[in-house]
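Please work through the following exercises with the sequence and the coordinates side by side, trying each task before reading its solution.

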Amino acid sequence: MVNYKDLGLVNTRDMFARAIKGGYAIPAFNFNNMEQLQAIIKAAVETKSPVILQVSKGARNYANQTLLRYMAEGAVAYAKELGCEHPEIVLHLDHGDSFELCKSCVDLGFSSVMIDGSHLPYEENVALTKKVVEYAHQYDVTVEGELGVLAGVEDEVSAEHHTYTNPEEVIDFSTRTGCDSLAISIGTSHGAYKFKPEQCHVDPQTGRLVPPPLAFDVLDAVMEKLPGFPIVLHGSSSVPQEYVDMINQYGGKLEAAIGIPEEELRKAAKSAVCKINIDSDSRLAMTAAVRKVFVEKPAEFDPRKYLGPARDEMEKMYKHKILNVLGSDGKLAH
Ligand SMILES: [Zn+2]
């Protein structure tokens, strides 16, 4: 049994309370390799932002959960080495799908876990989430629950259609489970193909596809029921067109990849939404940069020569999110 506090990590409780009061959101960036982690930590340190490192089930399978935990512990030391005296870094399990998985992460040093029972019948979701909360809270590990179903594909999580969160359920769910934050469904979606072209309209200025707006009425209704309660948005990559174009320019084939416009995320960040999950944008930045090197320097075979530029591109993207979308820069407690 390892407690996250001994690793220098923090849970989400205090940072979420400050984010709601301050009208900004904490970035939750997924990671499964060293370059991503370095880019996330450098971006967070340089902007003085708290940050959530997310590990999905797919990332656990890819990189090994023990190794990822040591990487997160290393990230705290790295942030200090970069000059951040009191980094606020959360190690969070993204989309935990069983009590056993959540327990194993708590026991290994994670400071926060998500139990995603959103696909289960309501009463089963309540029972499972409550069980995880009761275990995790013994160690002061915070728990994110989910109500409503997001469309899209993310590692093992996939659904054809979304079901908006029912605001009538949120009081009962949060009270009975004791969860610390709640992921809701208001039209965000997993992956780089969040919308079908026929769901979108064409912007006459740019010729780009514009997706349907998020259901802010559902968010407002949830906030009315649970004033001051931390809300989480999954599937909130904006799928920057410059990366999609770059990938296609250098031999890739992404057709009609569409994300959530940053104006909508900016608006959400000012509300009770205090955690915004971004994964696909990092994948796109990395792929675009690697493809560029491969096309421009076909003789290159030193991985540092293509993973290095990929790392720089991700860092730039993470900083942009912190500074221009989420507003979490300069928000460290100390
Ligand atoms: Zn998700």
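The exercises below go from the overall fold to helix packing, and then to single residues.

The model is a predicted one, in which local features need pLDDT of at least 70 and side-chain atom pairs count only at pLDDT 80 or more, while totals for chains, interfaces and linings use all residues. Residues are numbered from 1 along each chain as its sequence is written.

**Exercise 1. Overall dimensions**

Task: Compare the radius of gyration of the protein with that of a compact globule, and describe its secondary structure content.

Solution: Begin with the elements, of which there are 12 helices and 13 strands; helices (H or I, at least four residues) and strands (E, at least two) are DSSP runs, numbered from the N terminus. Next, take the radius of gyration over C-alpha atoms and apply the globule rule, 2.2 Å times the number of residues to the power 0.38. For 334 residues a compact globule would be near 20 Å, and the protein has 19 Å, which agrees. The C-alpha trace spans about 60 × 45 × 35 Å along its principal axes. Finally, consider the interior: buried residues make up 50% of the 334 residues, where buried means 20 or more other C-beta atoms within 10 Å of a residue's own, exposed means 12 or fewer, and partly exposed lies in between, with C-beta atoms placed from the backbone.

**Exercise 2. Two helix pairs**

Task: Describe how α2 packs with α4 and how α6 packs with α7, and classify the residues of each contact.

Solution: Axes here are lines fitted to C-alpha atoms, for helices over the stretch in contact, and angles run from 0 to 180 degrees between N-to-C directions. The axes of α2 (residues 34-47) and α4 (residues 65-81) come within 10 Å and cross at roughly 35 degrees. The crossing of α2 and α4 is right-handed, a crossing being right-handed if the near helix is turned clockwise from the far one by less than a right angle and left-handed if anticlockwise. L37, I41 and V45 of α2 meet M71, A75, Y78 and A79 of α4, with contact defined as C-beta atoms, placed from the backbone, within 7 Å. By class, the residues of this α2 and α4 contact are seven nonpolar, no polar and no charged; Ala, Val, Leu, Ile, Met, Phe, Trp, Tyr, Cys and Pro count as nonpolar, Asp, Glu, Lys and Arg as charged, and the others, Gly among them, as polar.

For the second pair, α6 (residues 122-137) and α7 pack at an angle of about 35 degrees with their axes 8 Å apart, and α6 passes α7 in a right-handed crossing. The contact is formed by V126, T129, K130 and V133 of α6 with F173, R176 and T177 of α7, and it divides into three nonpolar, two polar and two charged residues.

**Exercise 3. Helix α12 and its surroundings**

Task: Check the length of α12 against expectation, and find what its buried residues pack against.

Solution: The expected span of a helix is 1.5 Å times one less than its number of residues. For the 24 residues of α12 (residues 303-326) this gives 34 Å, and the end C-alpha atoms are 32 Å apart, which agrees. The buried residues of α12 include A310, M314, M317, Y318 and I322, and the buried residues of this helix pack against β1 (26-30), α2, α10 (262-269), β13 (273-278) and α11 (280-296). Just after α12, G327 takes a positive phi of about 75 degrees.

One link to β1 can be followed through F29, which is in that strand. F29 has 26 other C-beta atoms within 10 Å and is therefore buried. F29 touches, among residues over four places away in sequence, I40, I278, S282 and Y318. Its C-alpha atom is 8.5 Å from that of I276, although the two are 247 residues apart along the chain.

**Exercise 4. Positive phi outside glycine**

Task: Which surroundings, buried or partly exposed, do H95 and D140 have?

Solution: Most residues other than glycine have a negative phi, and most peptide bonds are trans. H95, in strand β3 (residues 89-96), has a positive phi near 55 degrees. With 25 C-beta neighbours inside 10 Å, H95 counts as buried. D140 has a positive phi of about 60 degrees and lies in the loop between α6 and β5 (142-147). D140 has 14 other C-beta atoms within 10 Å, so this residue is partly exposed.

Terms used: Two residues are in contact if their C-beta atoms, placed from the backbone, lie within 7 Å.
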